[in-house]
Amino acid sequence: MATIRELAKMCGVSPATVSRVLNHDETISVSKETRKRIFETAELVSYQKPSRSKKDDQSSYTVGLVHWFDELQELNDPYFISIRMGIEELCNTHAIQLIKIFNSDTLEANFPQVSLDGLIVLGKFPDEHIEQFKKYAPHIVFIHSNEQHFDYDCVKADFTNITLHVLQHIVDKGHTRIGFIGGHEILPFSNTPLEDEREQTFKDYLTKIGLYNPDYVLIGSFDFHSGYTLMGQLLKSCKDHLPTCIFAASDTLAIGALRAINEAGLSVPKDIKIIGCNDIPTSQYTSPTLSTIKIYTELMGQIGIKLLLERISGERTESLKVTVPHKIILRESFNSFN
């Protein structure tokens with residue numbers, strides 16, 4: 001008996017199209033000729049839709065979520081919590097059993113002794129660990145990863161485009177003294193700091209237009225304490241020529257910076273304007289409220305599960321890279337960029 005993939009090849013369409021037509025999905029946009037060709041070809045090769053297994057009636061699949069953070073680290077980073085919530089929501093919707101595998105010194109020991117249909121890998125890992133992950137599941141989707149090729153499905157935010165978008169707004173409003181507070185992610189098991197797209201794009205873009213000042217750029221970790229400490233250093237070192245605005249690479253850094261500015265007796269946005277990145281829930285309740293870039297993090301998790309289901313079901317074999325959208329949220333800390 002022909003498989004759905006073989007049938008799709010005969011008809012010159014995707015397996016997903018064949019599946020939806022044979023299941024009489026009226027919402028699919030295909031011509032009458034294509035529908036007719038699919039049904040006639042299916043009849044010609046005696047195609048039969050596979051029967052649902054007992055596993056389908058209960059829990060459709062078992063998926064592992066490999067996190068590059070341990071549980072405590074994740075608690076301190078709302079960005080990754082939100083991605084995980086999106087993953088969990090889609091798993092609940094599709095009756096998928098989700099097994100969470102948090103990072104530790106013995107990461108592989110944390111893998112369950114059960115058969116996994118697929119893996120979601122959240123974060124960045126060395127190549128040798130990625131090779132190891134292959135033995136646990138036949139299908140892998142990466143979210144917020146350092147995977148540069150089309151070997152796997154990937155979901156990411158485009159931090160280069162995000163940074164350009166923000167800087168263009170800032171410059172268009174007449175700012176010429178622009179600061180940056182950022183952080184470096186650390187590759188697990190190697191303690192290797194990873195280059196950050198926001199930092200590099202900030203430097204490249206402002207250098208190109210003649211506005212880059214290295215004195216206005218400070219790099220630490222992606223946490224509140226770093227934002228507070230780095231902003232304090234910037235206020236001391238540049239007290240006679242402060243930047244008029246700061247772009248912080250995360251909301252957590254921006255909130256720390258806000259506190260340092262307030263303690264120095266300066267006013268946001270009157271003396272210094274500031275904008276963060278991620279739009280974490282807390283950003284709406286700071287004083288002043290924090291302008292930021294909204295990244296659709298829950299959507300990242302949801303898309304990851306959808307891509308994995310397409311792979312598991314055999315609907316698609318080609319790897320995809322999906323970039324989620326973003327938008328600037330203007331609140332009090334940037335005073336609408338005025």
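This is a short conversation about reading some features of a predicted model.

Colleague: Let's begin with the overview: how many helices and strands are there in the protein chain?

Modeller: The protein chain has 12 helices and 14 strands. Of its 338 residues, 50% count as buried.

Colleague: Thanks. What is the order of the strands in the open sheet of four?

Modeller: Follow the pairing from one strand to the next. Here the order is β9-β6-β10-β11, and the pairing is parallel. At the edges are β9 (217–220) and β11 (273–275), each pairing on one side only. On average, neighbouring strands of this sheet are turned by 15 degrees against each other, direction ignored.

Colleague: How many bridges join β6 to β9?

Modeller: Four bridges join them; β6 covers residues 178–183 and runs parallel to β9. If you want a pair to look for, G183 stands opposite G220 in β9.

Colleague: Which helix lies across β6 and β9?

Modeller: That is α9 (residues 197–208), which runs at about 160 degrees to β6. Helix α9 also meets α8 (residues 159–172): their axes come within 9 Å and cross at roughly 45 degrees.

Colleague: Why is α8 called oblique to α9?

Modeller: Angles from 0 to 180 degrees are sorted into classes, and those under 35 degrees count as roughly parallel, while 65 to 115 count as roughly perpendicular. The crossing of α8 and α9 at roughly 45 degrees is in neither class, so α8 is oblique to α9. The crossing is right-handed.

Colleague: Which residues of α8 and α9 meet?

Modeller: From α8 they include F159, L164 and V171, and from α9 they include R198, F202 and L206. The residues of this contact divide into seven nonpolar, four polar and two charged.

Colleague: I'd also like to read the backbone. What should I expect there?

Modeller: Most peptide bonds are trans, and most residues other than glycine have a negative phi. Then look for the exceptions. A cis peptide bond joins V268 and P269, with omega about 10 degrees, and P269 sits in the loop between α11 (251–263) and β11. The bond from S287 to P288 is also cis, with omega near 0 degrees; P288 is in the loop between β11 and β12 (292–295).

Colleague: And phi: is H144 buried or exposed?

Modeller: H144 has a phi near 55 degrees, a positive value, and lies in the loop between β4 (140–143) and β5 (153–157). Its relative accessible area is 6%, so H144 is buried. A95 also has a positive phi, near 55 degrees, in the loop between α6 (78–93) and β2 (97–101). A95 is partly exposed, with a relative accessible area of 36%.

Notes:
Residues numbered from 1 in each chain as written. Predicted model: local features only at pLDDT ≥ 70, side-chain atom pairs only at ≥ 80, totals over all residues. Heavy atoms only, no water. Pairing = 2+ DSSP bridges. Helix = DSSP H or I, 4+ residues; strand = E, 2+ residues; numbered from the N terminus. Contact = heavy atoms within 4.5 Å. Parallel < 35°, antiparallel > 145°, perpendicular 65-115°, else oblique. Left-handed = near helix turned anticlockwise from the far one by under 90°. Nonpolar A, V, L, I, M, F, W, Y, C, P; charged D, E, K, R; others polar. Buried < 20%, exposed > 50% of the residue type's maximum accessible area, 1.4 Å probe, protein only.
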